[in-house]
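This report is written for a reader who is meeting the structure for the first time. Please look over the sequence and the model before reading on.

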Amino acid sequence: MAMKRTTHVRAKRKQPSKPKHSVARRPDCACRFCGASLDKTFVDLGMSPLANSYIKASEANRMEPFYPLHVYVCGACLLVQLEEFTSPQSIFGDYAYFSSFSESWLDHARRYVENVSERLAIGPRHHVVEIASNDGYLLQYFAQRGVPVLGIEPAANVAAVAKKKGIPTVVKFLGVKTARDLAKKKKRADLLIGNNVLAHVPNINDFVGGLKVLLKPKGTITMEFPHLMKLMAENQFDTIYHEHFSYLSLLAVERVFGKHGLTLFDVEELPTHGGSLRIYARHSSDGSRPIGPRVLELRQRETRAGFGTLEHYLGFAAQVEKTKRKLLAFLIEAKEQGKSVVGYGAPAKGNTLLNYCGIRTDFLDYTVDRSPYKQEQLLPGVRIPIFHPDKIRETKPDYILILPWNIRDEVMQQMSFVKDWGGKFVVPIPEVKVLS
């Protein structure tokens, strides 16, 4: 971002320093939901590259763009959000994340399909549409039941994998226009699904407006997204990256959906991604399903915790800085003792953590990942090499830092052989902990 050049410099009396949550605001920095000016900081993680912009080894010396990872909270509607510094097309056009490489996520999807099919009596006469359907990881289970499905996935390379599985997929971003085009083709949904996509849309009003258009009059929306209450309580700042434009509480989502004529009637609290919500929504005009007790209880719990007041959001940055110091202290001590430390995984959250803390190959020799799409590349910013998991068996490190800490049990089971040479696992969030 270009800064104005001053032509005159004058000596000034020293002014009192501003509180950390008061920052200079760009003229065009406005809340993506309500349009109010943004001038309150939730947390500032400095400059960082796009979290999924992996670097080819052959291009190790090329320059890469860094953007501010500065999260604001809107003083008017209390939506926690990042500014949009790059287009969704540049983030999702050629995407490196494939859902099917996580066994625990596949199991999560399979169980969801079983449960929601029973709850809503979903069968062959219904139409199921998933937004950000990735590689068909979830819709495949509906297709196996004979249910007509449609995926909407903006990343062409990922959508191609879904199509090979026989999952019809439209390569589009969802908004009102896309929804209207699909509605004209009689592609409206009885069940409209979106897992980990609501936080990814810069124009949240256009996206939720599209949901309303695409949903049949008696249809149901289910959406999963990381819960802001969990992010704050468990210090999950590494889940902040540029493709996550918004950080959501139940109170915030109710406001957004309500503006577009959609009502949340149920909610489930899930362990996925460190703690997520699965909301159930309907057209507000559909009075057949009243707002349930779980919505009322969580709404009250968030209100009691302070999510309805600005002050609650302004103390988060201090605990993030404390976690950074603890992680660096652990790595410095390990290196001074001559211990070797490597990473497991190359998730977006890991790239936020490593770039914010300034961890490069001086602390982390390499990392490994099961996805062949990431192997033999370099992590953005820090340029740590990514190898096949077999590399750990070859080099026998003392510590394995689990970057996708939300699936640590799965990782520790896959890599249980490290105990053969006394290797130990480490998780960085909510704070550094060595696991035996």
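What follows describes the chain as a whole, then its cores, two helices, its aromatic rings and its cavity.

The model is predicted, so that local features are given only at pLDDT of at least 70 and side-chain atom pairs only at pLDDT 80 or more, while totals for chains, interfaces and linings use all residues. Residues are numbered from 1 along each chain as its sequence is written, and side-chain values use heavy atoms, with hydrogens and water left out.

## The chain as a whole

The chain holds 13 helices and 19 strands, where helices (H or I, at least four residues) and strands (E, at least two) are DSSP runs numbered from the N terminus. Of its 436 residues, 56% count as buried; buried means under 20% relative accessible area, exposed means over 50%, and partly exposed lies in between, with a 1.4 Å probe and protein chains only. A contact is a pair of heavy atoms within 4.5 Å, and among contacts between residues at least 6 apart in sequence, 70% join residues at least 24 apart.

## Two nonpolar cores

A nonpolar core is a set of buried Ala, Val, Leu, Ile, Met, Phe, Trp, Tyr and Cys residues joined through side-chain atoms within 4.5 Å. The largest such core has 64 residues, and F42 and I392 are those with the most contacts inside it. Helix α10 (residues 316–336) gives the largest share of this core, 8 residues. Not counting residues up to four places away in sequence, I392 touches V342, G343, Y344, Y366, V368, P397, I400, M415, F417, V418 and W421. Another core, of 45 residues, lies apart from the largest one and has L79, L174, L277 and I279 among its members.

L174 also appears in the surroundings of L214, a residue of helix α6 (residues 204–214). L214 is buried, with a relative accessible area of 0%. Leaving aside neighbours within four places in sequence, L214 is in contact with V129, I131, I152, L174, A179, L182, K187, R188, A189 and L192. The C-alpha atoms of L214 and L174 are separated by 9.6 Å, although the two residues are 40 apart along the chain.

## Two covered helices

Helix α11 (residues 348–357) is mostly covered, with 10 of its 10 residues buried. Its buried residues pack against β1 (41–48), β3 (67–73) and α10. After α11 comes G358, whose phi is positive, near 70°.

Helix α8 (residues 250–259) has 7 of its 10 residues buried, so it is largely enclosed by the rest of the structure. The buried residues are L250, L251, A252, V253, E254, V256 and F257, and they pack against α6, β9 (215–226), β11, β12 and α9 (293–305). Just after α8, G261 takes a positive phi of about 75°.

## Aromatic rings and charges

Rings of Phe, Tyr and Trp (its six-membered ring) pair if their centres lie within 6.5 Å, and planes under 30 degrees apart count as stacked, over 60 as edge-to-face and the rest as tilted. The count by this rule comes to 8 aromatic pairs, including the two in the table.

| Aromatic pair | Centre to centre | Angle between planes | Class |
|---|---|---|---|
| F265 and Y280 | 6.1 Å | 55° | tilted |
| F417 and W421 | 6.0 Å | 55° | tilted |

The pair of F265 and Y280 links distant parts of the chain, with F265 in strand β11 (residues 262–270) and Y280 in strand β12 (residues 276–283), 15 residues apart. F265 counts as buried at 6% relative accessibility, and Y280 is buried with a relative accessible area of 3%. In the other pair, F417 counts as buried at 14%, whereas W421 is partly exposed at 24%.

A charge sits over a ring if NZ of Lys or CZ of Arg is within 6 Å of the ring centre and within 35 degrees of the ring normal. R119 lies over the face of Y280, at 4.2 Å from the ring centre, and the charged end of R393 sits over the ring of F417, 3.8 Å from its centre.
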